[in-house]
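Me: I would like a close look at one part of this model, the ligand site, followed by the elements elsewhere in the chain. Please keep it plain.

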Amino acid sequence: MSQQTVGEPHPTATVAAGPARRRAALAGIASAAAGIGVAEIVAAVIAPRSSSLFAAGSLVIDVAPPWLKESVIALVGTADKVVIIASVAVLVAVLAAAAGLLERSRPPWGQVLLGAVGVVGLVAATTRADSSMFSAIPSLLAIGIGVTLLRVLTRQSAAVSADPNPNGVPRRTFLITSGLAAGLGVLAVVAGRVAASGIQAVDAARRMFTLPAPAVAAPPVPPGATLNVAGITPLITPNESFYRIDTALIVPSVDPANWTLTVTGMVERDVTITFDELLALPLEESYTTLACVSNYVGGDLIGNALWLGYPIRKLLARAGPKSGADMVLSRSVDGFTAGTPLEALTDDRNAILAVAMNGSPLPAEHGFPVRMVVPGLFGYVSATKWVTELTVSTFAQESAYWTDRGWSARGPVKLSSRIDTPRESRQVAEGEVVVAGVAWSQHVGVSRVEVQVDDGAWSDAVLADAISADTWRQWSYPWNARQGRHQLTVRATDANGRLQTSAYADVVPDGATGLHSIVVDVG
Ligand SMILES: Nc1nc2c(c(=O)[nH]1)N[C@H]1C(S)=C(S)[C@@H](COP(=O)(O)O)O[C@H]1N2
Ligand SMILES: [Mo]
């Protein structure tokens, strides 16, 4: 800034201490507003649930003592959220003004204070139960922009103080920059909120919706299905740790009030159902282990859940598939498609339109409000999330999303087994070591698991009870570990007596094969 002078302060500078302080406070508030504004827009686009402002609000809700929460609710009723967000905004504004004043008198402590306020938002956004790897980005941007702008505006404000003309160019520059930053920041917060409101409506709908009781409950899990071994994969995968694979950059927001599913194509009559109609049907519960075709040997793109849904075969029966059809192309709101053999959807397996996962409405990431779950097939040919259309067709006529990208049209799950404990390259103590893991061959079942130490003979592992043929089975093997480096390998046999192949195959085009081996150091 050419107007900035060093040396004798102009006499008006001391007289104008009040305006200078006001400018400093404005600089702080404008910097915070611009930072938060940009963060809200970015949050709305990449991670709508990670708005740092709202995460900070949630943090306040989480840490506030119950009596305070209750009195706020008693005082303002359902406006409680608005009050909380407004309180957070006021608090941030006060701290930002203080940061401005501090930056004027003791730089760079104003930047430090503003950064610290941002870090609270960052912590709030990244420690939420539904936070993802994207959750940190909006807050980091807010901190970067806020702190940089504070430095710029403080410099401009200093130029105003040093300018002999009280209404000169530096003053105008400062007012325009800070006014624009503050105004655009607030506008951006509003725009970000409007953009994210659809998602919030869906989140609210998800929370509001009470699951109907199953007409057919899943048989109780046999007590012998769980082995008590430290480090083994839990028999049922919690929703939070269930693997997630999809092509959706932004998780689709489907309002169940507007959701419909249409069965069309080679059918006697098109059938359309709404979400309420679906929920009113007799829903059935079943455990199914879902696996991804991209799961390499020993990988973790597999999970087992209790699903609640309506048998697809019953809905297809209403539409009446025409003869000659051999595939159902399911389509999601985001354009993803999967081609499932008609037979897998009409035989007696638990192929369902699922509305719940482990007793909760489907998480948004796992297909809320409705997804398909089909035992025995990889997810890419069967497990369409946010599903809205089933077109009865043929493999000759239609091809699905991944088929067009080099993957096989048909994707039955392959017999596989995995060592969960001990971990690869881990050091273990000499003596008895319990080797354990899971094995699966959905819709066929697993009948045997064997373990091999180094080049020794294959020995039977203890096989836990099965929930059903559609789920994985835990296994364990007590190993008398001797000093040194050892290789452990596992293999399974399915319920038809077929042994898991040791031949290596890549995941493309229809799933990996080979045996899972790990190396451990005993000593
Ligand atoms: N709409 C939609 N559904 C989808 C996908 C997708 O990309 N979009 N991916 C499929 C794949 S490849 C798999 S393995 C499963 C994964 O389901 P999950 O994310 O609930 O574990 O969803 C399937 N359903
Ligand atoms: Mo997948």
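Which residue has a backbone N or O atom that lies 3.0 Å from a nitrogen atom of ligand 1?

Reply: That residue is Ala383, whose backbone N or O atom lies 3.0 Å from a nitrogen atom of ligand 1. The model is predicted, and the distances here are computed from it.

Two side chains also place polar atoms by the ligand. Ser332 has a polar side-chain atom 3.1 Å from a nitrogen atom of ligand 1. For Lys385, the distance from a polar side-chain atom to an oxygen atom of ligand 1 is 2.5 Å. The ligand taken alone exposes 530 Å², and the protein buries 99% of that area. There are 19 residues around ligand 1, and those that come nearest are Tyr243, Thr247, His366, Arg371 and Lys385. Sorted by class, the shell consists of nine nonpolar, five polar and five charged residues.

Some backbone details involve the stretch of chain that also supplies these residues. The peptide bond from Phe368 to Pro369 is cis, with omega near 5°. Pro369 belongs to the loop between β8 (360-361) and β9 (371-373). The next loop, between β9 and β10 (387-393), holds Trp386. Trp386 is not a glycine, yet its phi is positive, about 50°. With a relative accessible area of 2%, Trp386 is buried, because buried means under 20%. As background, most residues other than glycine have a negative phi, and most peptide bonds are trans.

Each of these two features has a counterpart elsewhere. A second cis peptide bond joins Val508 and Pro509, with omega about 5°. Pro509 sits in the loop between β18 (484-494) and β19 (516-522). Ser425, also not a glycine, has a positive phi of about 65°. The loop between β11 and β12 (427-428) is where Ser425 is found. Unlike buried Trp386, Ser425 counts as exposed, at 52% relative accessibility.

β11 itself leads to a sheet. Four strands form this open sheet in the order β11-β13-β17-β16, and the pairing is antiparallel. β11 (416-421) and β16 (462-463) are the edge strands; each has a single partner strand, so one side of each is left without a neighbour in the sheet. In general, strands of a sheet pair through backbone hydrogen bonds, either parallel or antiparallel.

The sheet can be followed from one edge to the other. β11 and β13 (residues 431-440) run antiparallel and are joined by five bridges. Within that pair, Arg418 stands opposite Val438 of β13. β13 then pairs with β17 over nine bridges, again in the antiparallel sense. Val438 takes part here too, standing opposite Gln474 in β17. At the far edge, two bridges pair β16 with β17, antiparallel as well. There Val462 has Ser476 of β17 as its bridge partner. Strand β17 (residues 473-481) is mostly covered, with seven of its nine residues buried.

Trp472 provides a link from this region to strand β3. The side chain of Thr289 reaches the backbone nitrogen of Trp472 at 2.9 Å. Thr289 lies in β3 (residues 284-291). The side chain of Thr289 also makes a polar contact of 2.9 Å with the side chain of Asn304. Thr289 counts as buried, at 3% relative accessibility.

Strand β1 (residues 260-265) contains Gly265. Gly265 is partly exposed, with a relative accessible area of 41%. The C-alpha atoms of Gly265 and Ala319 are 9.6 Å apart in space, and the two residues are 54 residues apart in sequence.

One helix completes the account. Helix α6 (residues 109-126) has 18 residues and spans 25 Å from its first C-alpha to its last, close to the 26 Å expected at 1.5 Å a residue. Its buried residues are Gly110, Gln111, Leu114, Gly115, Val117, Gly118, Gly121, Leu122, Ala124 and Ala125. As a general point, an α-helix has 3.6 residues a turn, so residues three or four places apart point the same way.

Definitions and conventions: Residues numbered from 1 in each chain as written. Chains lettered and ligands numbered in written order. Predicted model: local features only at pLDDT ≥ 70, side-chain atom pairs only at ≥ 80, totals over all residues. Heavy atoms only, no water. Near = heavy atom within 4 Å. Polar contact = N/O pair within 3.5 Å; in protein donor to acceptor, adjacent residues only side chain to side chain. Areas by Shrake-Rupley, 256 points an atom, 1.4 Å probe, with all protein chains shown as cover. Nonpolar A, V, L, I, M, F, W, Y, C, P; charged D, E, K, R; others polar. Pairing = 2+ DSSP bridges. Expected span 1.5 Å × (residues − 1). Buried < 20%, exposed > 50% of the residue type's maximum accessible area, 1.4 Å probe, protein only.
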